[in-house]
Amino acid sequence: MRVPPFERYMKWLQMFGVLLLGMLLGAIVYNSIYHTQFEALVNLKSDLEVKLEQYESDIKSLTDFKNQHTVIKSVLPHIEEEAGQKTDKPKLDKVTEAQLIKRIKADLSVFLGQSIYEIDSDAELARKLLSRKIYTNVLEKDYTVEITTMLLVDNILQVWVKVRLYERPPS
């Protein structure tokens, strides 16, 4: 019995290899596009959740304080972007930033309903309380927060904070 020459099938094997390689590359490209769109969807969802929570709290505070014109009606924290090359500020994604803003807003909620004319004594207290405050387990990382600026405009207390990654001291 004779074995048929292998050269007859060489062209078909090459075409089959190119087909498999094309399928593999197509799957890689499709997966990367899917992952990018899913990441954008997660970021959009977290942004919309933060806005929804802000709007709900604004509605609640506005209905609670609708007849009082000289009180703080909402708190709006902002995370500052730091310039420079050698900063230990982490690159925050939208989900982590939303979690930190939510926790900062919960800590500063004691200002809601306070008179805008008596904010100076309480602002110093808040600055001392939140100076180098450590927020633990924010998406499995720890961060320190420091208030840099507080501004009260139109019954909205706006707070700018610096966020840095917390490094535990060696034990």
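These are my notes on the strands and the nonpolar core of a predicted model.

**Strand pairing.** I began with β4, which covers residues 156–165. I looked up how it sits against β1, residues 74–79, and found parallel pairing over six bridges. As one position to check by eye, I noted that Val75 lies opposite Leu157 in β4.

Next I took β3, residues 141–153. It pairs with β4 in the antiparallel sense, over 10 bridges. I then looked at how β3 and β4 are joined: they make a hairpin with two residues between them. Asp154 is in the turn, and I wrote down its positive phi of about 55 degrees.

**Thr144.** I picked one residue in β3, Thr144. Its bridge partner in β4 is Arg164. Is Thr144 buried or exposed? I put it down as buried, because its relative accessible area is 13% and the cut-off for buried is under 20%. Beyond its neighbours within four places in sequence, I found Thr144 in contact with Lys133, Ile134, Lys162, Val163, Arg164 and Tyr166.

**The core.** I asked which residues of the largest nonpolar core touch the most other members. Of its 22 residues, these are Leu100, Leu108, Phe111, Val161 and Val163. At least two core residues come from each of β1, α2 (94–107), α3 (119–129), β2 (133–138), β3 and β4. My textbook note here is that nonpolar side chains tend to be buried together in soluble globular proteins.

**Val161.** I followed this core residue last. Leaving out neighbours within four places in sequence, I listed contacts of Val161 with His78, Ile79, Glu80, Ile104, Val145, Glu146, Ile147 and Thr148.

Terms used:
Residues are numbered from 1 along each chain as its sequence is written. This is a predicted model: local features need pLDDT of at least 70, side-chain atom pairs count only at pLDDT 80 or more; totals for chains, interfaces and linings use all residues. Side-chain values use heavy atoms; hydrogens and water are left out. Two strands pair if DSSP finds at least two bridges between them. Helices (H or I, at least four residues) and strands (E, at least two) are DSSP runs, numbered from the N terminus. A nonpolar core is a set of buried Ala, Val, Leu, Ile, Met, Phe, Trp, Tyr and Cys residues joined through side-chain atoms within 4.5 Å. Buried means under 20% relative accessible area, exposed over 50%, partly exposed in between (1.4 Å probe, protein chains only). Contact means heavy atoms within 4.5 Å.
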